[in-house]
Amino acid sequence: MFDILLTNEQRALRDEARDFAREVPRQLLLDMDADKVRYPREYVQKLAARNLLGLRFPKEFGGRGLNWEHEVLALEEIGVLGASLACLFSLPSIVGEALNVFGTRAQKEKWLRPALAGKLTVAEALTEPRGGSDFFGATTRAMRVGSDYVLNGQKRFIVGAEGADFFFVYARTGDEPRALSAFIVERSPQVEVQHVYGLMGTRGGGTGRVYFRDARVPAENLIGRENGAGEIFNQMMIPERMTSAAGALGLARAAIEIAARYADKRRAFGQKIREFEGVSFQIAESVTRLDAARALVYQTARAIDANDQPGRVRRLVSESKKVATQTAWDVANAAMQVLGGIGYTNVYPIERLLRDARLMMIWTGTNEIMNLVIQHEYYKELLAAKSSARDVELDAVNAETDGEKVYE
Ligand SMILES: Cc1cc2nc3c(=O)[nH]c(=O)nc-3n(C[C@H](O)[C@H](O)[C@H](O)COP(=O)(O)OP(=O)(O)OC[C@H]3O[C@@H](n4cnc5c(N)ncnc54)[C@H](O)[C@@H]3O)c2cc1C
């Protein structure tokens with residue numbers, strides 16, 4: 001975001017996150033991309049040591065008591081590191097949301113505080129082999145047995161799974177279609193994580209498949225009420241999608257800057273390539289798209305912070321996720337085109353950013369699912385209220401020819 005629009009406190013936080021991102025060793029990024037590092041626990045601990053995890057949560061549990069505007073600001077800076085490290089920064093914010101909003105004091109003490117302190121690492125396990133988009137179709141089961149629940153089932157594509165000390169898990173607790181509950185499941189011999197994926201990008205973040213085989217979970221690990229996961233899911237979609245959106249801004253910014261600097265140095269036909277309209281207009285388009293996406297993400301952050309109505313928040317969050325992630329992909333793609341052949345090699349990191357960006361349009365709800373939410377909430381809002389704005393439909397010569405306004 002532009003300095004002029006930031007408060008001193010926001011600028012200081014932005015700079016803190018920027019300093020942190022600058023200090024992350026290049027070798028870590030390379031080793032993660034080469035799958036030599038499977039889960040960078042030290043990175044999460046360093047974020048915690050700088051008090052950069054869970055910025056929005058109360059100070060008493062180790063957060064900073066800030067708001068979404070701050071988190072988005074910090075995450076744009078972390079986003080330049082790529083999708084894995086941005087996601088590991090975001091996981092305590094995502095899982096922490098459920099604990100902070102729906103958890104008891106004891107649950108916050110037991111899991112939120114140590115997660116923000118980097119003592120316990122977390123993962124969110126929603127997606128199953130049978131599907132991720134259809135949340136209520138989950139088949140992982142949690143059966144109540146005495147004072148425990150016993151979990152059976154599997155989750156897949158779970159970032160952080162390889163290193164997680166505990167998982168936030170949705171499981172079926174009844175036969176009604178919406179009878180899902182949310183649990184904290186600690187790592188145990190009955191919770192097996194397998195490293196099965198050769199990922200196109202976003203490597204090194206511990207993405208794995210998780211099996212629950214008669215995993216006993218004490219009833220006090222239930223978050224919220226039994227069969228109440230729908231409400232938790234709706235709340236969790238805010239941090240899931242806002243963190244995807246904000247991280248995408250950083251990735252897109254990094255790609256544009258590399259491409260613009262290259263275009264300012266690289267020469268062809270006796271001139272800098274930025275002097276060709278075909279090149280400079282790609283930069284113009286990319287910068288405009290990034291600024292527009294950023295404006296939307298910040299507007300959404302402010303709407304959440306202002307406690308706007310849930311339907312409007314859902315729409316704006318989905319718009320932000322869709323626009324920012326599509327922008328990151330388009331911009332990284334344009335950056336590769338500007339660099340020509342060398343952009344397709346590992347001499348520049350554009351190819352890695354492009355691979356990372358591709359996932360962002362799929363995870364935390366695909367961009368098609370974002371469209372589903374956006375149109376649904378828009379219709380609801382439009383059709384529910386009588387508008388006080390001018391009725392432009394009547395500004396036509398034959399507006400009153402009712403016989404021609406046929407709808408069936
Ligand atoms: C590397 C990686 C990391 C991930 N990290 C996590 C994680 O940490 N935790 C987690 O729980 N999940 C995670 N995911 C899962 C991710 O969120 C899902 O892959 C995603 O939500 C889509 O679910 P799916 O893959 O089952 O596709 P499906 O739900 O099977 O969808 C397939 C296609 O159908 C379309 N589709 C489905 N329903 C509709 C509809 N109603 N209208 C229009 N189109 C529709 C989708 O848009 C998509 O194009 C991760 C995935 C990957 C690849």
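**Strands S1 and S4.** I began with the pairing of S1 and S4 in this predicted model, and found that the two strands run parallel and are joined by 4 bridges. Looking for a partner of Ala125, I noted that this residue stands opposite Val169 in S4. I then checked the surroundings of S1 and recorded that both of its faces are covered, since Val122 and Glu124 on one side and Ala123 and Ala125 on the other are all buried.

**Strands S2 and S3.** I next looked up S2 (residues 141-145), which is joined to S3 by 5 bridges, with the two strands running antiparallel. Within this pair I located Arg141, which stands opposite Asn152 in S3. The hairpin of S2 and S3 has 2 residues between the strands, and I noted there that Gly146 takes a positive phi near 60°.

**Gly174.** I followed Arg141 to Gly174, which is 33 residues away along the chain, and read a separation of 8.4 Å between their C-alpha atoms. Gly174 itself I placed in the loop between strand S4 (166-172) and strand S5 (180-186). Is Gly174 buried or exposed? I entered it as partly exposed, because 13 other C-beta atoms lie within 10 Å, whereas a residue counts as exposed at 12 or fewer and as buried at 20 or more. Setting aside neighbours within four places in sequence, I listed Ala179 and Asn227 as the residues in contact with Gly174.

**The ligand shell.** I turned to the ligand and found 22 residues around it, of which Leu126, Gly132, Ser133, Phe157 and Thr366 are the closest. The elements that give two or more residues to this shell are strand S1 (122-125), strand S3 (148-158) and helix H11 (367-384), and I noted that H11 gives the most, with 3 residues. By class, I divided the shell into 11 nonpolar, 9 polar and 2 charged residues. Where does the ligand lie with respect to the domains? I recorded it as lying between domain 2 (124-227) and domain 3 (230-384), because both give residues to the shell.

**Domains 1 and 3.** I then wrote down the division of the protein into domain 1 (3-121), domain 2 (124-227) and domain 3 (230-384). For domain 1 and domain 3 I read a distance of 20 Å between centres, taken over C-alpha atoms, and I noted that 21 residues of domain 1 are in contact with 27 residues of domain 3. On the side of domain 1 that touches domain 3, the elements that give two or more residues are helix H4 (68-78) and helix H5 (83-102), and H5 gives the most, with 9 residues. I sorted that side of domain 1 by class and entered 11 nonpolar, 5 polar and 5 charged residues.

**The nonpolar core.** Last, I looked up the largest nonpolar core, which has 119 residues, and noted that Phe183, Ala255, Ala332 and Ala335 touch the most other members. Helix H7 (residues 229-265) provides the largest share of this core, with 19 residues. I chose Ala255 for a closer look and, leaving aside neighbours within four places in sequence, listed its contacts as Val331, Ala332, Ala335, Ile350 and Leu353. I added one general remark beside this entry: in soluble globular proteins, nonpolar side chains tend to be buried together.

Terms used:
Residues numbered from 1 in each chain as written. Predicted model: local features only at pLDDT ≥ 70, side-chain atom pairs only at ≥ 80, totals over all residues. Contact = placed C-beta atoms within 7 Å. Near = placed C-beta within 6 Å. Nonpolar A, V, L, I, M, F, W, Y, C, P; charged D, E, K, R; others polar. Domains from an automatic or database assignment. Core = buried A, V, L, I, M, F, W, Y, C linked by C-beta atoms within 7 Å. Pairing = 2+ DSSP bridges.
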